[in-house]
Amino acid sequence: MELIKTAKLQIYLSEEDKALVLASMRAYSAACDHISEYIFTTGDRSQASVQRHTYADVRTKYGLPSQMACNAVRTVLGSYRANASNGHKAVKCRYVVPQLTLSWNRDYSLTGDKFSVGTISGRIKAGYSSCGMEKYFVKEKYRFGAAKMVYKHGKFFLHVSVTCETEEPENCDIRNVVGHDRGIRFLVASYGSNGKTKFYSGKAVKQKRAHYQALRRELQQVGTPSSRRRLKAIGQRENRWMRDVDHCISKALVESEPAGTLHVLEDLTGIRHATERVRLKDRYVSVSWPYFALEQKLVYKARERGQKVIFVDPRYTSQTCPKCGHVAKNNRNKKLHAFTCTNCGYTSNDDRIGAMNLYRMGIEYLVESQTGTSGLRGAQSAVPQCSATAAMPIRCGSVQRTTGQPQARSFMAE
Ligand SMILES: [Zn+2]
């Protein structure tokens, strides 16, 4: 199976090369605009034909070398195709921001410490931020693809598409199971085969989200053009920060586990129950947290490391006794954050119960997948709800590419 991700790196250019690269990017964007004009007015969508009609102009007027001229046609046709698939057929694509699309090995190449790129007047070499890039040079596992050069805030960045060969472990090869419960007090509580619980505190996140929310409310009341601009900037900053938190947590979750690990998460697709168990004043802070982005990141990172992710029915995970399987609402004392099983007397901090139950469901899933029958009969007969749980379809970690905001699922609507 293949995963495609985008590696972002900063390019360090000398002053002289900066001017050269920027001139190339500007020429490229201008050429794209020229090609776009042709495509828009003629309706021509064939690559060969567009190239035939624009190539001479692009070479002479904008000074692009031949490879770059071909790329420009591909870039523009790609934009029109993307627009058409999004339902915007009659829109002319504009290329205002300087950019450069590069094909691997022809227009650019990367070695461990050097970036080499073709410009309108010859090839140049430059250094780049290679931290975290080392792994991509393992040839059997990763392949570099097209890249895009971007100029932002006076700096040059390269967005490289990297294809990764991954293999999801077979169920019979799984040697380690971890349950991850996502919540309010703790963004994630994990319980694994080693019997240890790990917590990722939600306190700092809760405070920061509350801060952003207050800021937003204040600006909304002002309602001037400048306050609207600030509102937008703050929204973007909050999104970046949330993405970063998700990245750090998902990375920590997979890096601490070996290959052949099964991660078990609640399937929060039909999220209603999550809003039900969250107090109204906590809803913005906790429920609209981009759990979807977190799980996407987790699935990606797990796959890269030969680990597997499954999603199970979330009902009763916080009310079920992980030892005897007894389900009762009053097993849990929310105020005291204590869990005491009314059947067997097992007691624990209630924050880890969800994770322990998810862990148990992971084990059940493995037993079932290998025997073809329902496993853990003892637990099951004690918990009639559990057999219903086991019969629910289990969603395996799939990666859907989304283009929306991190809050792809609006939990607030409930
Ligand atoms: Zn019990």
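Two residues are in contact when heavy atoms of theirs lie within 4.5 Å. Keep that in mind for what follows, and remember that this is a predicted model.

**Starting from Ile124**

Let's begin with one residue and work outwards. Ile124 lies in strand E5. Not counting residues up to four places away in sequence, Ile124 touches Leu13, Asp17, Leu20, Val21, Phe115, Ser116, Val117 and Thr119. Is Ile124 buried or exposed? Its relative accessible area is 11%, so Ile124 is buried, given that buried means under 20%. One of its contacts, Leu20, sits 104 residues away along the sequence, yet the two C-alpha atoms are 9.3 Å apart in space.

**The strands around it**

Ile124's strand has a partner. Strand E5 covers residues 122-128 and is joined to E4 by six bridges, with the two running antiparallel. If you want a spot to look for in the picture, try Thr119, whose bridge partner in E5 is Gly122. The link between E4 and E5 is a hairpin that passes through two residues.

E4 also pairs with strand E3 (residues 108-110), again in the antiparallel sense, this time over three bridges. Here Leu110 is the residue opposite Phe115 in E4. E3 and E4 make a hairpin too, with three residues between them. How much of strand E4 is covered? Five of the six residues in E4 (residues 114-119) are buried, which leaves the strand mostly covered.

As background, strands of a sheet pair through backbone hydrogen bonds, either parallel or antiparallel.

**The nonpolar cores**

Leu110 and Phe115 turn up again when you look at the inside of the protein. The largest nonpolar core has 48 residues, and the ones with the most contacts inside it are Ile11, Tyr108, Leu110, Phe115, Leu158 and Val160. Which helix gives the most to this core? That would be helix H1 (residues 15-42), with ten residues.

Then there's a second core, separate from that one, made of 23 residues; Val188, Leu219, Met242 and Ala302 are among them.

Leu110 is a good residue to click on. Leaving out residues up to four places away in sequence, Leu110 touches Leu9, Trp104, Phe115, Tyr128, Met133, Phe137, Phe144 and Val160. In soluble globular proteins, nonpolar side chains tend to be buried together.

**The zinc site**

Now jump along the chain to the metal. Which residues hold the zinc ion? Cys321, Cys324, Cys341 and Cys344 coordinate it, each through its SG atom, at 2.3 Å. Along the sequence, these donor residues follow the spacing C-x2-C-x16-C-x2-C.

Why is the arrangement called tetrahedral? The four donor atoms around the zinc ion subtend angles of 107 to 114°, and that makes it tetrahedral; the rule asks for all angles to lie between 85 and 135 degrees. For comparison, the ideal angle for four tetrahedral donors is 109.5 degrees.

Two of these cysteines can be placed on the buried-to-exposed scale. Cys321 has 0% relative accessibility, so it counts as buried. Cys324 is buried as well, at 18%.

**A small sheet and two unusual loops**

Three strands form an open sheet in the order E13-E14-E15, and the pairing is antiparallel. Strand E13 (332-333) and strand E15 (347-349) are at the edges with a single partner strand each, so one side of each has no neighbour in the sheet. E13 is joined to strand E14 (residues 338-340) by two bridges, and Asn333 stands opposite Ala338 in E14.

Two residues in loops here have a positive phi although they aren't glycine: Tyr316 and His337. Tyr316 is in the loop between strand E12 (308-312) and E13, while His337 is in the loop between E13 and E14.

| Residue | Phi | Relative accessibility | Class |
|---|---|---|---|
| Tyr316 | near 65° | 34% | partly exposed |
| His337 | near 55° | 27% | partly exposed |

**The whole chain**

Finally, zoom out. The chain's secondary structure comes to eleven helices and 16 strands. Of its 414 residues, 48% count as buried. The accessible surface is about 21300 Å², with 52% of that belonging to carbon and sulfur atoms. And if you take the contacts between residues at least 6 apart in sequence, 66% of them join residues at least 24 apart.

Notes: Residues are numbered from 1 along each chain as its sequence is written. This is a predicted model: local features need pLDDT of at least 70, side-chain atom pairs count only at pLDDT 80 or more; totals for chains, interfaces and linings use all residues. Side-chain values use heavy atoms; hydrogens and water are left out. Donors are N, O and S atoms within 2.8 Å of the metal (3.2 Å for Na, K and Ca); water is not among the atoms, so sites may look incomplete. Four donors count as tetrahedral if all angles lie between 85 and 135 degrees; four count as square planar and six as octahedral if opposite donors are over 155 degrees apart and all others between 65 and 115; anything else is irregular. Buried means under 20% relative accessible area, exposed over 50%, partly exposed in between (1.4 Å probe, protein chains only). A nonpolar core is a set of buried Ala, Val, Leu, Ile, Met, Phe, Trp, Tyr and Cys residues joined through side-chain atoms within 4.5 Å. Helices (H or I, at least four residues) and strands (E, at least two) are DSSP runs, numbered from the N terminus. Two strands pair if DSSP finds at least two bridges between them. Accessible areas come from the Shrake-Rupley method with a 1.4 Å probe; for residues, only the protein chains shown count as cover.
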